[in-house]
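Hi,

Here is the structure I promised to pass on. Have a look at it first, and then read on for what turned up.

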Amino acid sequence: MTATWEESCKYLFAPKAPAGGDFAGKKMAWLPVPGDDGFAKIEILKQEGDDCQVNLVDTNEKRTVNINDCQPMNPPKFEMCTDMSLLSYLNEGGILHNLKSRYQANCIYTYSGLFCVAVNPYKRFPIYTEVVINNYRGKKKTEMPPHVFSIADNAYADMLQNRENQSILITGESGAGKTENTKKVIQYFASIGANPGKGDAAEKKMSVEDQVVMCNPVLEAYGNAKTVRNDNSSRFGKFIRVHFGRDSKLASADIEYYLLEKARLTYQNPEERNFHIFYQIFKGIPKDYLTNTLLMDPDANNYKFLTNGDVQVPSQDDVELWKENEEAMVILNFTDEEKESILKLMCGCLLFGNIDLKQNKRDEGCEVDNPVFIEKAAALFQIPAADFMKSLLKPRVKVGTEMVQKSQNSEQVYFATKALCKSIFERVFKWLIAKCNTALDTKKPRQNYCGVLDIAGFEIFDFNTFEQLCINLTNERLQQFFNHHMFILEQEEYKKEGIVWKFIDFGLDLEASIELMEKPMGILPMLDEECIMPKATDQSYKDKVIQQHNKKHPKFSVPSMKSIKGLEHPPHFNIHHYAGVVGYNVDDWLTKNADPLNDNVLDLFRKSAMPFMATLYEDCTPAGPKERKKTFQTMAMMHKKSLNELMTMLHSTSPNFIRCLVPNETKTPGKVLAELILHQLRCNGVLEGIRIVRQGFPNRIPYADFKQRYQILAASAIPAGFIEAKAATELIIGALGLTDDEAKFGN
């Protein structure tokens with residue numbers, strides 16, 4: 001049964017704030033303390049210089065602390081405040097307390113200026129029903145409690161009013177709820193943009209929302225995986241555009257993807273899984289089809305690319321999800337031939353990854369120890385097995401004007417195998433996205449769109465490598481985009497109020513670290529350069545980067561020997577990002593970046609007897625040495641191109657921001673780990689946004705509220721009888737002796 005509006009309100013409206021109580025006449029503050037709580041509530045008893053005596057309210061313990069460690073507490077009227085940018089004191093203690101108290105009262109959404117902060121509740125709340133959608137329709141942000149629907153509704157209203165494309169940027173760590181909130185935004189757009197039913201067959205066709213929903217099982221099977229934090233983590237970023245026609249109704253949708261984590265195909269960290277599709281194949285496909293048609297051993301523990309074997313995930317029913325995936329493919333018009341071809345390529349990758357090699361004693365080359373796996377892979381790829389083996393072990397390369405066979409050692413062949421499998425997987429994924437877009441394209445005329453970006457947030461792990469650098473660069477650019485956007489809005493706000501104030505564009509703050517990664521002689525361009533140098537190694541690249549930037553660039557440093565002692569993967573250098581200092585380990589960067597694909601094998605793929613495989617590789621025509629140089633594309637180059645296209649698109653939209661938070665590591669409802677929350681607020685730019693607001697005048701109070709709240713401080717300055725609120729405010733400020741730099745009067 002669907003919840004009523006009254007039932008939903010319990011999870012939307014916070015309980016009323018308590019009266020002043022013991023706050024009155026006391027100097028209350030927050031004191032940072034170790035442990036899960038992060039801060040203790042204190043009363044400042046007396047102060048002498050920088051030292052002050054305090055009482056810890058919860059334990060009644062007396063302490064002497066430095067006054068600079070004490071963060072002033074907000075008055076009770078701000079308890080469970082819906083917009084944290086309105087707090088009198090914008091400090092970490094106050095922000096954390098506000099988020100925590102709202103979260104524990106089952107209010108998972110809170111505004112922070114331009115941001116909507118969403119904390120993962122780890123349980124279902126009845127706040128996404130059609131009743132709730134109808135209550136948020138056409139309402140201003142300030143008229144309703146914080147909700148992802150409010151962000152969506154305001155974006156839709158702005159699109160109609162200004163005829164301007166909108167974007168909603170949803171970021172956060174793995175397991176924070178990005179994909180769930182993305183689905184809710186799409187649900188909202190589909191509901192308010194739905195065509196009213198006319199009863200005929202055409203109108204009864206599947207709606208765009210239903211079709212987007214049907215894309216989910218397919219994209220989640222091939223793009224999601226179990227990580228330590230999240231059983232169903234999206235390992236790619238996506239931008240879903242929902243297009244509306246001239247009549248403001250839903251016309252169609254399309255999907256673009258970014259940063260597919262291809263490296264997961266060949267290796268997974270402990271307790272993690274490969275992409276879901278591989279486990280669905282073993283659990284969902286009948287054994288005889290698996291062994292006879294797909295040539296597979298039915299035991300998932302026997303494949304090297306499934307690093308941790310057959311990992312069971314209670315929340316992921318692989319049999320049921322396989323059925324959903326199959327049903328979705330039927331609805332999205334996949335042919336039987338396409339479905340079988342995709343399965344053959346997936347199984348071919350697992351078999352190909354199982355090859356064993358042994359080094360030749362007579363030369364540098366190697367040979368396949370047991371040809372059964374490569375023969376099975378060749379059969380599934382529908383290419384000649386003998387040519388496949390020869391192209392891998394002794395590819396023909398051009399030396400001067402001659403074509404010669406060059407023996408590869410076992411390490412080179414293993415790398416080539418992994419690179420080819422990752423190439424197959426990404427091309428299949430790209431084809432799946434295109435297939436979904438074909439199904440979503442209704443051919444109806446389009447006017448404007450609302451786009452939703454669901455992308456991985458900033459990452460700081462114990463072991464950070466090339467993939468983390470790409471994700472962190474993306475987030476640095478997105479944060480710069482936000483800072484610049486906020487700077488423009490702040491300027492407009494001050495202009496509207498007639499206040500003269502010189503602002504700093506905080507987008508420029510991030511320029512130094514972005515340049516360090518992107519500009520000529522930066523981290524990534526130097527990597528590209530090293531990839532085309534003969535005899536270059538990860539070590540030679542590391543030495544050149546350190547020589548170029550150490551003690552010369554403010555955002556670059558080298559970790560001390562003491563800090564890396566005993567680490568399994570010690571960082572080779574640090575980059576000082578806005579979210580914190582990240583140490584990067586450059587092992588395998590040259591291979592990951594060049595992602596060298598064996599041209600001889602690509603040519604076999606292009607000539608495959610399987611039409612699907614041949615189509616995937618039809619662009620891989622053999623090129624001469626001059627053409628080859630032009631077409632050589634590293635991962636860094638492709639990432640830069642993709643990121644620039646994303647940023648160009650975002651700059652052409654009016655943006656909205658949702659930040660998703662993981663409250664604890666154990667998926668426990670209602671539990672908040674202070675340091676984990678604060679770390680994410682730093683990483684996803686919420687604290688950065690507050691820092692920008694605080695550079696100007698962080699507290700904006702209507703004249704009537706100011707007069708009512710503060711006239712007691714200068715009662716003698718206010719004449720008896722009626723007085724305009726603005727005039728009264730000017731008298732109070734004058735009586736308190738605040739200078740022009742401390743207070744400004746708006747219109």
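One definition before we start: a residue is called buried when its relative accessible area is under 20%, exposed when that area is over 50%, and partly exposed in between. Please also keep in mind that this is a predicted model.

Let's begin with aspartate 528 and two of its partners. Asparagine 593 sits in helix 19, which covers residues 589–594. With a relative accessibility of 0%, asparagine 593 falls under that 20% limit, so it counts as buried. Its side chain makes a polar contact of 2.9 Å with the side chain of aspartate 528. Threonine 634 also reaches aspartate 528, side chain to side chain, through a polar contact of 2.7 Å. You'll find threonine 634 in the loop between helix 22 (625–631) and helix 23 (635–651). Threonine 634 is buried too, at 0% relative accessible area.

Next, the salt bridges. The whole structure has 33 of them. One links lysine 667 to aspartate 231, with 3.6 Å between the closest N and O atoms. Lysine 667 is in the loop between strand 21 (654–661) and helix 24 (674–683), while aspartate 231 is in the loop between strand 9 (224–225) and strand 10 (233–234), so this pair ties together parts that lie 436 residues apart in sequence. The two ends differ in cover: lysine 667 is partly exposed at 33%, whereas aspartate 231 is buried at 17%.

Another salt bridge joins the side chains of glutamate 426 and lysine 262, at 3.3 Å from N to O. Here glutamate 426 belongs to helix 13 (residues 410–440) and lysine 262 to the loop between strand 12 (250–258) and helix 7 (276–284), so parts 164 residues apart in sequence are tied together. Lysine 262 is buried, with a relative accessible area of 9%.

Then there is glutamate 272 with arginine 264, whose side chains form a salt bridge of 2.9 Å, N to O. Is this pair buried or exposed? Glutamate 272 is buried at 9% relative accessibility, and arginine 264 is buried at 5%. Besides these pairs, Arg241, Asp254, Glu256, Asp441, Lys443 and Arg446 are joined into one network by salt bridges that share partners.

On to the surface. Asp317, Glu320, Glu324 and Glu327 make up a negative patch there. Of these, glutamate 324 is in helix 9 (residues 318–331) and is partly exposed, at 36% relative accessibility. A nonpolar surface patch is made of Ile712, Leu713, Leu736 and Leu738, which together have about 400 Å² of accessible area. Leucine 736 is part of helix 27, residues 725–736, and is partly exposed at 38%.

Two last spots to click on. Alanine 704 is in helix 26 (residues 703–710) and is partly exposed, with 47% relative accessible area. Its C-alpha atom is 8.5 Å from that of glutamate 724, 20 residues away along the chain. Proline 298, in the loop between helix 8 (287–292) and helix 9, is partly exposed at 33%. The C-alpha atoms of proline 298 and isoleucine 285 are 9.7 Å apart, with their positions 13 residues apart along the chain.

Cheers

Note on methods: Residues numbered from 1 in each chain as written. Predicted model: local features only at pLDDT ≥ 70, side-chain atom pairs only at ≥ 80, totals over all residues. Heavy atoms only, no water. Patch = residues over 30% accessible without salt bridge, like charges linked within 9 Å, V, L, I, M, F, W, Y side chains within 5 Å. Areas by Shrake-Rupley, 256 points an atom, 1.4 Å probe, with all protein chains shown as cover. Salt bridge = Lys/Arg side-chain N within 4 Å of Asp/Glu carboxyl O. Lys, Arg positive; Asp, Glu negative; His and termini not counted. Charge placed at Lys NZ, Arg CZ, Asp CG, Glu CD. Helix = DSSP H or I, 4+ residues; strand = E, 2+ residues; numbered from the N terminus. Buried < 20%, exposed > 50% of the residue type's maximum accessible area, 1.4 Å probe, protein only. Polar contact = N/O pair within 3.5 Å; in protein donor to acceptor, adjacent residues only side chain to side chain.
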